[in-house]
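Here are my notes on this one, set out point by point. Have the viewer open while you read.

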Amino acid sequence: MADHLDAPTPLEEHRKLAVFAGEWNGEEMVFPSRWTAGGPATSHVVARIALNGFYLIQDSVQTRDGKESFATHGVFTYDRDDRAYKLFWHDSLGYYPPSPASGGWAGKSLILVRGSLRGNARHVYEVVDDNTYNMKIQFSPDAEGWADVLTGVYRRIH
């Protein structure tokens, strides 16, 4: 008789995150906000499956006018207890979210929402094909009407 439990293994829900793994170049549109003027940007994204297949770790650097303007570190996973996807998001604005964004797939889009005292953010990652995805980050004070903060098209680097 075994004196220990078998370690959990990744579920199909964890494996679905692999669609975003790889190296990507993004063409982005930044919308005007209290943090920045609007305008076009480019982004370099590197994402990998890590920690026995349970997590997608994503790092991105945005460039505007030839210099780094924004950077992010995201950790995606599937919470088997909650039966929801989670996104732990950190960025160069320095705000720390009180809890991860949470959500799930709707068709080909992974939609994750998080709230804070400043309002609500929604991240939408839409799979176009094996080599392209669209992403948008939206803001809402009340989680009802959403305004774009950032939109982008990301193409895999081969």
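1. In what order do the strands close into a barrel, and is the pairing parallel or antiparallel? Bear in mind that this is a predicted model. The order is 1-2-3-4-5-6-7-8-9-10, so to speak straight round the numbering, and the pairing is antiparallel. From one strand to the next, the twist averages 25°.

2. For a close-up of the pairing, try strand 9 (residues 132-140) and strand 10 (residues 147-156), which run antiparallel to each other over 8 bridges. Within that pairing, Met 135 of strand 9 sits opposite Gly 152 in strand 10.

3. Now the aromatics. Searching the whole structure turns up 9 aromatic pairs. One of them joins Trp 24 and Tyr 133: the ring centres are 4.8 Å apart and the planes stand at 80°, over the 60 degrees needed, so this pair counts as edge-to-face. Along the chain these two are distant, with Trp 24 in strand 1 (residues 22-30) and Tyr 133 in strand 9, 109 residues apart.

4. Are the two partners buried or exposed? Trp 24 is buried, at a relative accessible area of 0%. Tyr 133 has 2% and is buried too, because the cut-off is under 20%.

5. Zoom out from that pair and you find one aromatic cluster made up of Phe 20, Trp 24, Phe 76, Tyr 78, Tyr 85, Trp 105, Tyr 125, Tyr 133 and Tyr 154. Both Trp 24 and Tyr 133 from the edge-to-face pair belong to this cluster.

Definitions and conventions
Residues numbered from 1 in each chain as written. Predicted model: local features only at pLDDT ≥ 70, side-chain atom pairs only at ≥ 80, totals over all residues. Heavy atoms only, no water. Pairing = 2+ DSSP bridges. Helix = DSSP H or I, 4+ residues; strand = E, 2+ residues; numbered from the N terminus. Axes fitted to C-alpha atoms, helices over the stretch in contact; angles between N-to-C directions. Phe/Tyr/Trp six-rings, centres within 6.5 Å; stacked < 30°, edge-to-face > 60°. Buried < 20%, exposed > 50% of the residue type's maximum accessible area, 1.4 Å probe, protein only.
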